[in-house]
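Got your viewer open and a selection tool ready? Let's take a short walk through this one, stop by stop.

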Amino acid sequence: MSLAHKKSAIPAAEERRRFQRVKVHLLGRYMLPDRREFPCQVVNMSPGGLALLAPGIGNVGDRVIAYLDHIGRVEGKITRIIDNGFAMTIAATARKRDKLAAQLTWLANRDILNLPEDRRHDRVVPRNPIAVITLEDGTRMTCRIIDLSLSGSAVAAEHRPPLQSLVLLGRVQARVVRNLEEGFAMEFIHEQLAETLEESVTAR
């Protein structure tokens, strides 16, 4: 029996058990095959799959592309529907799985050690989603806020600043952490207050 044949014969449940899942609290966004995007929260994850809470649920077998805080882009297929969400595989090379394993180990240890969790905040869509971003060179551009939390924001914009560059969203200093299909995501340098969040990010 060839190695390739052996690999293809592994049942799905056994394939899932090859990777130990860890409980994590990661926020992100995902896109279904019809290109609808939704926010999500990952509740457990391994280098081979994850389960997430999600408002928009596809069908078993649907391809999903997700952008997760601290992890980045992952894609795979829905394997089963769970309460208020779904579980999906992660399609990745062996090298990418090793990287995911290291990231998950760090995230799990951070929770055990009670280190700060920078995205354990609900995301909202502001009443006024139009804002101005000031880039490092002083250039200003208009953007549309996709969603917003006390610790970061995702925006739709024509121009994507370099990753890790500093920007101002309104008068809130932030760092660009991830590119999105229609813009980018940023993490605020300092956690904001709920009472003044919208006013701060939409300040001109």
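## Stop one: a charged pair

Start by selecting Glu181 and Arg35, whose side chains meet in a salt bridge, 2.1 Å from N to O. Keep in mind as you look around that this is a predicted model. Glu181 is in the loop between strand S11 (172-179) and strand S12 (183-188), while Arg35 is in the loop between S1 and strand S2 (37-46), so the pair ties together parts that are 146 residues apart in sequence. Now switch on the surface. Arg35 has 53% relative accessibility and therefore counts as exposed, since the cut-off is over 50%. Glu181, at a relative accessible area of 42%, is partly exposed.

Why would two such side chains meet at all? Side chains of opposite charge can pair when their charged atoms come close.

## Stop two: Asp69 and Arg178

Next, pick Asp69 and Arg178. Here is another salt bridge between side chains, at 3.2 Å from N to O. Asp69 sits in the loop between S4 and strand S5 (72-82) and Arg178 belongs to strand S11, so this pair ties together parts 109 residues apart in sequence. Buried or exposed, these two? Both Asp69 and Arg178 are buried.

## Stop three: a small network

Hide those and select Asp147 with Arg29. They form a salt bridge too, and the closest N and O atoms are 2.6 Å apart. This one links distant parts of the chain: Asp147 is in strand S8 (residues 140-149) and Arg29 in strand S1 (residues 22-31), 118 residues apart. With a relative accessibility of 4%, Asp147 counts as buried. Arg29 is buried as well, with a relative accessible area of 10%.

Which residue joins Arg29 and Asp147 in a network of salt bridges? Add Glu37 to your selection: Arg29, Glu37 and Asp147 are linked in that network.

If you feel like hunting for others, how many salt bridges does a search of the whole structure find? The count is ten.

## Last stop: a greasy patch

Leave the charges behind and select Ile57, Val60 and Ile81. Together they make a nonpolar surface patch of about 250 Å². Zoom in on Val60, which you'll find in the loop between strand S3 (49-53) and strand S4 (63-68). Val60 has a relative accessible area of 55%; exposed means over 50%, so Val60 counts as exposed. Colour the three patch residues, Ile57, Val60 and Ile81, on the surface to see the nonpolar patch they make.

Note on methods. Residues are numbered from 1 along each chain as its sequence is written. This is a predicted model: local features need pLDDT of at least 70, side-chain atom pairs count only at pLDDT 80 or more; totals for chains, interfaces and linings use all residues. Side-chain values use heavy atoms; hydrogens and water are left out. Patches are made of residues with over 30% relative accessible area and no salt bridge: like charges are joined within 9 Å, nonpolar side chains (Val, Leu, Ile, Met, Phe, Trp, Tyr) within 5 Å. Accessible areas come from the Shrake-Rupley method with a 1.4 Å probe; for residues, only the protein chains shown count as cover. A salt bridge is a side-chain nitrogen of Lys or Arg within 4 Å of a carboxyl oxygen of Asp or Glu. Helices (H or I, at least four residues) and strands (E, at least two) are DSSP runs, numbered from the N terminus. Buried means under 20% relative accessible area, exposed over 50%, partly exposed in between (1.4 Å probe, protein chains only).
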